[in-house]
Amino acid sequence: MYFKAWLNYDGELNENVRDYFQAVFSNYESNVFSKVNRQMYLHAMEEVKAAANSFLGKKPDEYDFIMNEENFTVIEEKYENTEEQKWKRGILLYYVPENQDNEESLSTDGAYEIKQYLDEEKRFDLWTVRASGGRGILYGTYALIRQAICDGKLTDTGVVKPSLALRMLNHWDNLDGSIERGYSGNSFFFSKNQILVDERTAFYARLLASVGINGVVINNVNVKDMATRLISPLYYAKLREMSELFAGYGIQLFMSLNFAAPMELGGLSGCDPLAEDVVRWWKEKMQEVYREIPNLGGFLVKADSEGRPGPFTYGRTHADGANMLAKEIAPYGGLIIWRCFVYNCKQDWRDKKTDRARAGYDNFMPLDGKFLDNVILQIKNGPMDFQVREPISPLFGGLRSTNQMLEVQIAQEYTGQQRHVCYLVPMWKEALDFHTYCKESDDRVQDIIKGKTFGGRNCGMAGVANTGDDPNWTGHDLAAANLYGFGRLSFDNNLSSEEIAREWISMTFPRTPIVMSNLLYILMNSWSTYEHYTSPLGIGWMVNPSYHYGPNVDGYEYDRWGTYHRADCKGIGIDRTSKGTGYSTQYQKQNAMMYEDVATCPDELLLFFHRILYTDRLKSGKTLIQHIYDTHFEGVEEVKEFIRLFCQLEGVLSEDVFQRILNRLTEQLSSAEEWRDVVNTYFYRKSGIEDEKSREIY
Ligand code: GCV
């Protein structure tokens, strides 16, 4: 059982808009399309029909015509053949051949234009979705439906092009059906070491296409056990089936691979990327894989990190490892996406110079320019690991001659595990808008991953998926806003977090003012609320080790000595300036200087970059200790306010949705109280300083 999420198309629509859905015209002719484009075109048609069905309570009338120079004459004839111009209004899916003059801007993959066509005698009035490829037709169709639902009117868009070439999801699903950091049930891709391809897979593809996702890695980056065998005859037939299904929605299938596969699968004695037998093994493997799964987009690789095998064992670099695979996959047009999440988890934190935050840059910066063109480095937004607040990785703005992708985590591993509401789009938006100062202009992270700054060709954004086989897909109903938001933001970097939230609310829930205002308030405030009652000012962690839920101030799992955050009776924070670990010097000069100085370092990152005394004053005028106490009390009050606002929706939302969300908010409140009490008590005991407002600290 699964719900339709934001594709339910329920609810009243403005009559004027609804009328257009009475008839669907298409220039569908099978021989003008490749097989894949044809499938996407047909899916777009099905989507208009599904929407029309909901809006009108019946199927629209359909007209096909063949592309020729007199398209509209053909439509006119169709009109004439219908009874008394019954179909005055309609939707037209209009395929524009790529080589048609002055349509160059539509030739970008995924580009579309929504445009009204009115004939001179005003006998018909059509809204056209124009595109020169299957993805464009699909995305334009979803955009048109979105306009109808969210705006209650249809509008000319001009040519809309995706901001980023690659808009990918990374699933951390294991073949046994479990999901690493999964908070919404089990995998719907795998169960008991079998691959599932069914109706739900098709609906998922539809959901993703509707927000512009064009690539999905289906298995966990920690490739172990049976997952290594995904590149073996055992699984090819199902993978091919899945890749074909995805292709019909403009989505390429990717897989994570095990760098040690030549040993674990091939029986070789090692996996040195420069050893002849290893290279031969991969060459033959790639040949076999692409013969069996020709649509495969490529592979994602986690190497030499958290116990995963990699080139270091053989004294080779990440470039050696990635390039070897890239060379063997290149003949098939495949990509190797190589993760920069590489660090030594056995570092001794008692050494004040030790700093995991430095690791990504230290490992990859010396390799800039050494990667082949079909290698992409995938970089987490922050230098640590998806904490509620981190600075942007200095690899962005550092690397100049390497394809780059931004990785964010849609799954809420450190942000409440989909039991707390935490709308993450504002965080991702900050990452995209961050000025790296690597150039005078076009220096933002989004410019870099668009390929605008340094001309990178294969670039984009990846999100660690937050879905599972729960009926509502994401455990917490409100967590679906993050999945929706990831897709929409990676498709259009200019959208604001609020615009995205508004769209998602309109697409998902009854369209009434109170639903919009109250849910919007909750979503837009949820990230700062979560930050308030958890770890302060960018220090991070403070969660229970290994499962990463709930407070544990000394809980950083790779620090047995409880010294990670350097808290003592006087202060807390890590000196990451040039006098400390030197991490701040990895940034371009302007940013390095900003972080170096306490006076210019943004408060929200103060403890990430500096060691501060509890009695030091922040820019707000408060002492650090008072800030910690206040924000933790405030965070709890803010969750109470969420609950108060949410309860006003009783009777407006359907009963089951209302109860599910209320249950999660109630759990969030008790967890927030626990965070408040644990964190405040810890710092009260460490510092011995009373709360100025004399509130009870347990
Ligand atoms: C897939 C964090 C998570 C791990 C995850 C890892 C990664 O450390 O806790 O579960 O492993 O990130 O991104 O590879």
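This briefing covers the surroundings of the ligand, the cavities and pockets of the protein, and a few individual residues. The model is a predicted one. The ligand has 14 residues around it, and the protein buries 97% of the 330 Å² that the ligand exposes when taken alone. The count of cavities of 30 Å³ or more comes to 7, while the largest pocket holds about 500 Å³ of space.

**Ligand surroundings**

- Among the 14 residues around the ligand, those that come nearest are Glu180, Lys302, Arg339, Lys380 and Glu413.
- By class, the shell around the ligand is made up of 8 charged residues, 3 polar residues and 3 nonpolar residues.
- Lys302, one of the nearest residues, places a polar side-chain atom 2.6 Å from an oxygen atom of the ligand.
- For Arg339, also one of the nearest residues, the distance between an N or O atom of the side chain and an oxygen atom of the ligand is 2.7 Å.
- Arg181 likewise has a polar side-chain atom close to the ligand, at 2.8 Å from one of the ligand's oxygen atoms.

**Cavities**

- The largest cavity encloses about 160 Å³ of space, and of the 19 residues that line this cavity, Cys340, Phe341, Gly360, Gly382 and Pro383 are the closest to its centre.
- Two elements, α10 (359–364) and β14 (375–380), each supply at least two residues of the lining of the largest cavity, and α10 gives the most, with 3 residues.
- The lining of the largest cavity consists, by class, of 13 nonpolar, 4 polar and 2 charged residues.
- The second largest cavity has a volume of about 70 Å³, and its lining includes Asn381, Phe386, Gln387, Gln409, Tyr414, Leu424, Met427 and Trp428.
- Glu413, which is one of the residues that come nearest to the ligand, is also among the residues that line the second largest cavity.
- Sorted by class, the lining of the second largest cavity has 6 nonpolar residues, 5 polar residues and 1 charged residue.

**Pockets**

- The largest pocket, with about 500 Å³ of space, is lined by 26 residues, of which Ala5, Asn8, Thr508, Phe509 and Val657 lie nearest its centre.
- Helices α15 (497–508) and α20 (655–687) are the elements that give two or more residues to the lining of the largest pocket, and the largest share, 4 residues, comes from α15.
- In the lining of the largest pocket, 12 residues are nonpolar, 7 are polar and 7 are charged.
- The second largest pocket holds about 350 Å³ of space, and of the 17 residues that line this pocket, Arg146, Gln147, Asp151, Arg488 and Glu503 lie nearest its centre.
- Four elements, β4 (112–118), α4 (134–151), α14 (480–491) and α15, give two or more residues to the lining of the second largest pocket, and α4 provides the largest share, with 5 residues.
- α15 thus appears in the linings of two pockets, the largest and the second largest.
- By class, the lining of the second largest pocket has 7 nonpolar, 3 polar and 7 charged residues.

**Individual residues**

- Gln418 has a positive phi of about 60 degrees although it is not a glycine, and its place is in the loop between β15 (404–409) and α12 (425–433).
- Because its relative accessibility is 0%, and the cut-off for burial is under 20%, Gln418 counts as buried.
- Ser546, again not a glycine, has a positive phi of about 70 degrees, and this residue is placed in the loop between α16 (513–533) and β17 (571–572).
- Ser546 has a relative accessible area of 49% and is therefore partly exposed, given that exposed means over 50%.
- Val279 belongs to helix α8 (residues 276–292), and with a relative accessible area of 22% this residue is partly exposed.
- The C-alpha atom of Val279 is separated by 7.1 Å from that of Met324, although the two residues are 45 residues apart along the chain.

Terms used:
Residues are numbered from 1 along each chain as its sequence is written. This is a predicted model: local features need pLDDT of at least 70, side-chain atom pairs count only at pLDDT 80 or more; totals for chains, interfaces and linings use all residues. Side-chain values use heavy atoms; hydrogens and water are left out. A residue is near a molecule or strand if one of its heavy atoms lies within 4 Å of it. A polar contact is a pair of N or O atoms within 3.5 Å; within protein, one must be able to donate a hydrogen and the other to accept it, and residues adjacent in sequence count only if both atoms are side-chain atoms. Accessible areas come from the Shrake-Rupley method with a 1.4 Å probe; for residues, only the protein chains shown count as cover. Ala, Val, Leu, Ile, Met, Phe, Trp, Tyr, Cys and Pro count as nonpolar, Asp, Glu, Lys and Arg as charged, and the others, Gly among them, as polar. On a 1 Å grid over the protein atoms alone, a cavity is a set of points where a 1.4 Å probe fits but cannot get out, and a pocket is an open set with protein on both sides within 12 Å along at least five of seven lines; lining residues have an atom within 4 Å of a point. Grid points are joined across faces, edges and corners, and a volume is the space filled by probe spheres set on the points. Buried means under 20% relative accessible area, exposed over 50%, partly exposed in between (1.4 Å probe, protein chains only).
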